[in-house]
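Please open the model in a viewer and keep the sequence panel visible. The tour proceeds by selection, with a short account of what each selection shows.

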Amino acid sequence: MIKVAMLSYWHVHAWDYTKEVQAHPDTEVVAVWDEQPQRGREAAEKLGVPFVEDLDTLLADSNIDGVVVDTPTVMHHEVMIKAARAGKHIFTEKVIAPTQREVREILAAIEEAGVKLTVSLPRLNHAYTLAAQQLVQEGLLGDLTLARVRLSHNGALAGWLPEHFFSLEDCGGGALIDLGCHPMYLTRLFLGLPESVSAQFGYVSGKEVEDNAVATLKYTNGAVGIVEAGFVNSHSPFTLELHGTEGTILYGTPESKLLLRSTRREGNEWQTIELPPERISAFQQWVQHVQNGTTADENIQLATDLTSLMEAANLSAAQGRNIRLDELK
C-alpha cells in the first residue's frame, strides 16, 4: 500500500486526484497539508485523516510514501524540491513549474533522491490522441504541416472557476497556462519542439490574467502549430486538427468523433475512425512507476517541454515579439 499525503486543495482538480487515490487498490490518503490551514483542516476532516500544519513535519513522516501536489503553481518549485529531498514520490498537477530554470532544479532534486515523478497530462491518454498518433505513424497524413488544438470554457463569465485562478501571482498566467497546457502539449506531441513561439493574450472579463489566448509555434521545416485557450466561451468544443501533405484528421468539430481523409486511403473520402481503448490515467501510471521502479520518461520530457513553451508564450505576450526557445535560461 502506497501511503499518500495530499499537498493542498488549491487546484480545482485536487478532489479528483483524491478520489483517484481512494479508488486505487494500492494507494490511500493518510494526511493533508495546505498553505491555507482552514481549507486543509476541512479537507482532512472530510477524509478522516490528520491535518499537518507544517509541511516539513509532514514530509519528515516516514509513514508517508508519496505526495500529490495541488498547490498554487508558483509554489511547485519549493514544495516539490522539499518532497524529493524527503524521499517522497511525487504526482503533480501541470505545469511542473512556470520557468525552465525551476523545472531543472526540481528534476535535479528528484534524480538525486531517486523518487518517482509523474505529471498530470491527461489528454495524452485519451482515445482520440492514441488514434491520431497511430494514423500519423502509418503515414496517412504524409508530412505534418499544421496542428491546431483548442480548449475553452466560460469559467471567467459563469462564476464557477475559483477566483484564485485569476491571480497572476499564484498561477503565473491565466487561460493559456491553465487550459492551454493541454493544447500545448498535444501540439508538441505531434509536431515536436518549435524554433520559436508567438502569443497574443486577450482580457475580455477584466481579470488580472488573460482569459483569451492564442499561441503560434513556428518550425524550421515550415510547419505551424496553433494553440487556443479561453475562459470566456460558453459553447466551444475541444478541437484537434492535424493537417499534412497527404491528409487531415479532425476531432471535435463539434462531435466527439475522429475523422480522417487521406489520399493514401482508398476512395479519398472522409472516414470515421474507430477509437481504441484509453490508456490508464497518469495517476495510475505513477503508481506503477513507484511499484516497479521505472521512470515516466516520455511524460516528464513532454512536461518539461510544456514549461519551455509556456514560458516562451508568456514572454512573447509581454514583449510583443517572437521568442526563440534557445533564448530561455
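The stops below cover two sheets, two buried helices, the enclosed and open spaces, and several backbone details of this predicted model.

**The parallel sheet**

Begin by selecting strands 1 to 5. These five strands form an open sheet with parallel pairing, in the order 2-1-3-4-5. Strand 2 (27–33) and strand 5 are the edge strands, each pairing on one side only. From one strand to the next, the twist averages 20°.

Within this sheet, select residues 2–7 and 66–69. These are strand 1 and strand 3, which pair in the parallel sense over four bridges. Val-4 has Gly-66 of strand 3 as its bridge partner.

Next, move to strand 4 (residues 89–93) and strand 5, which also pair in the parallel sense, over four bridges. Opposite Glu-93 stands Ser-120 in strand 5. Display the side chains of residues 117–120: Leu-117 and Val-119 point one way from strand 5, while Thr-118 and Ser-120 point the other way. All four of these residues are buried. Such a pattern is expected, because in a regular strand the side chains alternate between the two faces of the sheet.

**The mixed sheet**

Now select strands 6 to 14. Nine strands form an open sheet in the order 13-12-11-10-6-9-8-7-14, and the pairing is mixed. Strand 13 (271–273) and strand 14 (323–324) stand at the edges; each has a single partner strand, so one side of each lacks a neighbour in the sheet.

For a closer view of one pairing, select residues 212–218 and 224–230. Strand 8 and strand 9 run antiparallel here and are joined by seven bridges. Gly-225 in strand 9 is the bridge partner of Leu-217.

Two helices may then be added to the display:

- Helix 12 (residues 297–319) lies across strand 7 (196–202), strand 8 and strand 14, at about 60° to strand 7.
- Helix 6 (residues 127–137) lies across strand 6 (144–152), strand 10 (239–244), strand 11 (247–251), strand 12 (258–262) and strand 13, and runs at about 10° to strand 12.

**Two buried helices**

Keep helix 6 selected. Eight of its eleven residues are buried, so the helix is largely enclosed by the rest of the structure. Among the buried residues are Tyr-128, Leu-130, Gln-133 and Leu-135. Which elements do the buried residues of helix 6 pack against? They pack against helix 10 (181–191) and against strands 10, 11, 12 and 13. Just after helix 6, Gly-139 takes a positive phi of about 80°.

Helix 10 is the next selection. Eleven of its eleven residues are buried, so helix 10 is likewise largely enclosed by the rest of the structure. Its buried residues include His-182, Arg-188 and Phe-190. Just after helix 10, Gly-192 has a positive phi of about 85°.

**The largest pocket and the largest cavity**

Compute a surface and select Val-12, His-13, Lys-94, Leu-179 and His-182. Of the 18 residues that line the largest pocket, these are the closest to its centre. The space in this pocket is about 320 Å³. By class, its lining has eight nonpolar, five polar and five charged residues.

The largest cavity has a volume of about 90 Å³. Its lining includes Trp-10, Lys-94, Phe-165, Cys-171 and Asp-178, and divides into five nonpolar, four polar and two charged residues.

**Backbone details**

Most residues other than glycine have a negative phi, and most peptide bonds are trans. The following selections depart from that pattern.

- Lys-94 to Val-95: this peptide bond is cis, with omega near -10°. Val-95 is in the loop between strand 4 and helix 5 (100–113).
- Thr-253 to Pro-254: a cis peptide bond joins the two, with omega about -5°. Pro-254 lies in the loop between strand 11 and strand 12.
- Ser-8: although not a glycine, this residue has a positive phi of about 90°. Ser-8 sits in the loop between strand 1 and helix 1 (14–23) and counts as buried, at 0% relative accessibility.
- Asn-268: this residue, also not a glycine, has a positive phi of about 50°. Asn-268 is found in the loop between strand 12 and strand 13 and is partly exposed, with a relative accessible area of 30%.

Finish at Ser-256, in the loop between strand 11 and strand 12. Is Ser-256 buried or exposed? Its relative accessible area is 60%, over the 50% cut-off, so Ser-256 is exposed. A C-alpha to C-alpha distance of 9.0 Å separates Ser-256 from Thr-239, which is 17 residues away in sequence.

Key: Residues are numbered from 1 along each chain as its sequence is written. This is a predicted model: local features need pLDDT of at least 70, side-chain atom pairs count only at pLDDT 80 or more; totals for chains, interfaces and linings use all residues. Side-chain values use heavy atoms; hydrogens and water are left out. On a 1 Å grid over the protein atoms alone, a cavity is a set of points where a 1.4 Å probe fits but cannot get out, and a pocket is an open set with protein on both sides within 12 Å along at least five of seven lines; lining residues have an atom within 4 Å of a point. Grid points are joined across faces, edges and corners, and a volume is the space filled by probe spheres set on the points. Ala, Val, Leu, Ile, Met, Phe, Trp, Tyr, Cys and Pro count as nonpolar, Asp, Glu, Lys and Arg as charged, and the others, Gly among them, as polar. Two strands pair if DSSP finds at least two bridges between them. Contact means heavy atoms within 4.5 Å. Axes are lines fitted to C-alpha atoms, for helices over the stretch in contact, and angles run from 0 to 180 degrees between N-to-C directions. Buried means under 20% relative accessible area, exposed over 50%, partly exposed in between (1.4 Å probe, protein chains only).
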